[in-house]
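Me: I am new to this structure. Could you take me through it and give the reasoning behind each label?

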Amino acid sequence: MSATYQEHGDIGVITLNNPPVNGLGHATRAGIVDGVGRALDNPAIKAIVITGAGKGFSGGADIREFNSPKALQEPSLHTVIRVIEEADKPVVAAIHGVAMGGGLELALGCHYRVATAGAQIALPEVKLGILPGAGGTQRLPRVLGVETALNMIVTGNTVLSEKLSATKLFDQMIAGDLIEGALAFAKKIADTRPLPKVRDIRLNYPNADGYLQFARNTVRAVAGKFPAPLKCVDAVAAAISKKFDDGIRYERDLFLELVQTTESKALRHAFFGERAASKVPDVPSDTPLRDIQSAGVIGAGTMGAGIAMNFANAGIPVKMLEMKQEALDKGLATIRKNYENTMKKGKLTQEQLDKRIGLITGTMAYADLAQADIVVEAVFEDMAVKEKVFTQLDAVMKPGAILASNTSTLDVDQIAAFTKRPQDVIGTHFFSPANVMKLLEIVRGEKTAKDVLATTLALAKKIRKTGVVSGVCDGFIGNRMVEQYIRQAGFLLEEGCLPEQVDKAAEKFGFAMGPFRMSDLAGNDIGWYIRKRRYIEKPEVTYSKVADLLCEKGRFGQKTSAGWYDYKAGDRKAYASDEVNQMIIAHSASLGMTRRKISEQEIVERLVYALVNEGALILEEGIAMRASDIDMVYLTGYGFPLFRGGPMFYADTVGLPNVLMSIRKYAKGSHPEAWKPAPLLEILAAEGKAFNA
Ligand code: 3H9
């Protein structure tokens with residue numbers, strides 16, 4: 001049983017014991033009901049304390065049970081709370097560490113609550129696309145007031161217990177040992193009758209309509225495609241307008257509706273995907289880590305400067321190396337400017353700014369980096385340049401230092417071979433702007449040591465990145481897939497689209513930016529450079545030449561105020577360009593193609609299924625360890641819409657046989673060579689399976 005019952009004199013103690021977070025799965029719920037029953041049956045027991053073993057009270061309902069029969073199996077959380085609330089002996093929740101979601105709802109069903117300081121209190125269900133479904137929306141407003149409670153429910157944000165110590169949520173804060181304090185409290189109130197119940201607190205809120213209207217407007221403006229936030233407002237409104245039991249029923253109906261939505265399933269997929277990404281099957285979780293106390297960065301360009309900021313933000317001193325004083329000064333100035341902008345937005349204090357800047361120093365000598373625990377190279381994307389850098393690093397770095405390359409496409413094994421310590425070499429592919437973007441692709445070379453991989457994954461967490469492991473291949477997970485996406489975007493132009501039409505369809509689907517706006521931001525010359533190499537290395541891979549024509553005109557994107565679109569000084573808005581559109585139409589004519597009207601559905605399917613098909617190959621080849629890793633790369637690095645859960649999850653929701661059918665249809669179009677279905681996709685579709693099992 002994942003909740004135990006013990007007697008301490010005349011107090012019965014129920015301890016939730018379901019690691020890692022005391023999730024309220026079926027066995028735990030059954031254990032609580034059993035414990036309450038035993039305490040009520042024993043006349044010697046005067047009160048009951050419920051507490052959590054390990055690092056917290058409870059992280060809430062067991063999310064893994066959702067959409068499975070176990071979630072509804074009695075005793076449900078509702079039943080557990082009813083049993084507690086109706087008990088004729090006082091029940092005290094003793095909270096430490098974490099009381100979230102169903103865990104907080106359970107505590108709200110108890111007659112009393114005591115807590116230690118520092119406990120994280122939240123109803124974070126909205127972050128999983130649902131709302132609190134076990135009375136949270138009805139009880140929390142009764143103890144915190146409507147506005148504070150609604151704020152917590154709609155944002156899912158955590159508040160520390162001591163900040164709520166003066167509210168009706170807590171009857172007492174415990175300074176010393178929680179159990180001792182809770183037992184003493186339970187003894188003190190053991191004979192109090194009638195027993196207080198949160199449900200009985202009258203919720204008095206004048207002018208509710210005006211406030212709720214304001215709340216709805218605010219929430220609607222930020223909720224995007226997610227239905228849950230507005231439903232949270234509806235549920236709290238019901239706490240004001242309905243009788244308690246009616247409010248509970250209303251909340252329950254909304255919960256059951258939301259838990260079935262694709263948006264909620266996508267968010268839960270991302271929640272588990274993020275945690276799964278940090279696990280590597282052949283690298284045990286107790287692998288000893290290398291100590292990272294200092295870092296070096298080679299290159300003070302946009303990338304190098306952004307990477308250095310990540311270390312400084314995490315309190316790790318970092319030395320940035322450049323060949324020329326001027327470049328170094330420019331990099332350091334960029335960093336200062338970035339921090340100053342953050343400070344202007346009120347997100348950094350002067351003291352924090354000074355501290356971070358103080359952690360970043362510059363140098364022009366490799367020898368100055370020798371004692372760094374990790375060094376990340378962020379120089380030009382060219383193998384000969386990488387060779388020079390890694391040969392020098394190999395010569396100066398102390399033994400055991402991690403040598404990381406920020407390459408976005410090159411062969412990490414070849415880079416590692418430039419050194420006599422390939423086991424210490426790894427790829428750390430940051431995304432621009434490196435101080436902002438969440439994704440860190442961690443490229444595991446053939447010889448990368450397990451502790452180097454484990455240390456880099458732990459470092460990703462420390463610098464607040466989502467680290468996703470990729471094997472070595474051209475472009476790794478993200479860029480290898482995006483190449484197919486960009487390829488389709490180019491073919492769409494030849495066949496009849498203009499850039500704004502493609503971008504509009506992609507953005508309507510939910511991408512943060514369509515492919516052409518994205519290319520203009522990243523710089524069209526980068527793709528041009530990579531394509532030139534590819535034309536030689538992979539002549540069999542066809543591309544639309546229209547992007548090359550664009551670059552030949554010097555239209556590299558925002559940085560040249562001209563790309564697929566026109567840009568005006570001081571304005572990032574993209575304006576359709578007659579010159580480019582005429583160039584595209586002329587290019588189609590030169591190929592002898594009759595331009596046709598292409599539907600939004602076709603645009604989106606071709607862009608997204610190109611990602612999916614390449615993703616399936618990547619999975620099959622073992623470049624990605626699991627489908628959810630690919631989804632995390634796209635959600636955190638490529639602006640794929642979160643409410644769709646990532647390309648592989650999206651394909652699962654469409655149904656793999658449907659995806660395959662469309663791919664076969666597009667293979668009959670102008671570029672069949674780009675639509676060879678991945679064998680894994682064919683197998684899974686035939687077996688009625690999904691990428692994310
Ligand atoms: C709910 O309560 C619905 C009710 O209103 C209504 C019901 C009718 N379930 O984050 P960590 C796992 S909805 C299952 O790295 P931390 C997690 O996957 C729930 N598993 O630790 C990971 O597993 P693994 C509302 C869960 O210390 C491990 O625990 N509650 C759950 O950095 C460690 O996770 C939430 O949304 C769960 N509820 O942070 C809380 N929670 O080791 C979501 C975690 O196999 N959880 N796991 O990879 C959190 O925010 C954080 O996990 C928490 C701990 C702050 C609790």
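What follows is a set of questions and answers on burial, the ligand and salt bridges.

Reply: One note before we start: this is a predicted model.

Me: Why is Arg29 called buried?

Reply: Its relative accessible area is 3%. Buried means under 20%. Therefore Arg29 counts as buried. The residue is found in helix H1, which covers residues 26-41.

Me: What makes the pairing of Arg29 with the backbone oxygen of Gln73 a polar contact?

Reply: The Gln73 backbone oxygen lies 3.0 Å from a polar atom of the Arg29 side chain. The limit for such a pair is 3.5 Å, so the distance fits. The backbone oxygen of Pro75 also pairs with the Arg29 side chain, at 2.6 Å from a polar atom. That value is within 3.5 Å too, so it passes.

Me: Which residues is Arg29 in contact with, leaving aside its neighbours within four places in sequence?

Reply: Among them are Leu24, Glu65, Lys70, Leu77 and Val80. Gln73 and Pro75 are also on that list.

Me: Now the ligand. How many residues surround the ligand, and which are the closest?

Reply: There are 25 residues around it. The closest are Gly102, Glu105, Glu125, Arg275 and Lys279. By type, the shell divides into 13 nonpolar, five polar and seven charged residues.

Me: Where in the chain do shell residues come from?

Reply: Helix H4 (102-109) and helix H11 (262-277) each supply at least two. H11 gives the largest share, three residues.

Me: How do you know that Lys279 makes a polar contact with the ligand?

Reply: A polar side-chain atom of Lys279 lies 2.4 Å from a ligand oxygen. The cut-off is 3.5 Å, so the pair qualifies. Glu125 has a polar side-chain atom 2.6 Å from an oxygen atom of the ligand. For Lys55 the distance is 2.8 Å. The protein buries 78% of the 1000 Å² that the ligand exposes when taken alone.

Me: Why is the pair of Arg290 and Asp451 called a salt bridge?

Reply: The closest N and O atoms are 3.0 Å apart. A salt bridge needs them within 4 Å, so this pair counts. It links distant parts of the chain, 161 residues apart. Arg290 is in the loop between H11 and strand S10 (295-298), and Asp451 is in helix H17.

Me: Why is Asp451 called partly exposed?

Reply: Its relative accessible area is 22%. Partly exposed runs from 20% to 50%, so the label fits.

Me: Lys398 and Asp373 meet in a salt bridge. What makes one partly exposed and the other buried?

Reply: The N to O distance in this bridge is 2.5 Å. Lys398 has 21% relative accessibility, which is not under 20%, so it counts as partly exposed. Asp373 has 11%, which is under 20%, so it is buried.

Me: Why is Lys559 called exposed?

Reply: Its relative accessibility is 55%. Exposed means over 50%, so Lys559 qualifies. Lys559 forms a salt bridge with Asp525, with closest N and O atoms 2.9 Å apart. Lys559 lies in the loop between helix H22 and strand S18, and Asp525 in helix H21, so the bridge ties together parts 34 residues apart in sequence.

Me: How many salt bridges does a search of the whole structure find?

Reply: It finds 36. Some residues are linked in a network of salt bridges: Glu85, Arg139, Arg199 and Asp245.

Technical notes: Residues numbered from 1 in each chain as written. Predicted model: local features only at pLDDT ≥ 70, side-chain atom pairs only at ≥ 80, totals over all residues. Heavy atoms only, no water. Helix = DSSP H or I, 4+ residues; strand = E, 2+ residues; numbered from the N terminus. Buried < 20%, exposed > 50% of the residue type's maximum accessible area, 1.4 Å probe, protein only. Polar contact = N/O pair within 3.5 Å; in protein donor to acceptor, adjacent residues only side chain to side chain. Contact = heavy atoms within 4.5 Å. Near = heavy atom within 4 Å. Areas by Shrake-Rupley, 256 points an atom, 1.4 Å probe, with all protein chains shown as cover. Nonpolar A, V, L, I, M, F, W, Y, C, P; charged D, E, K, R; others polar. Salt bridge = Lys/Arg side-chain N within 4 Å of Asp/Glu carboxyl O.
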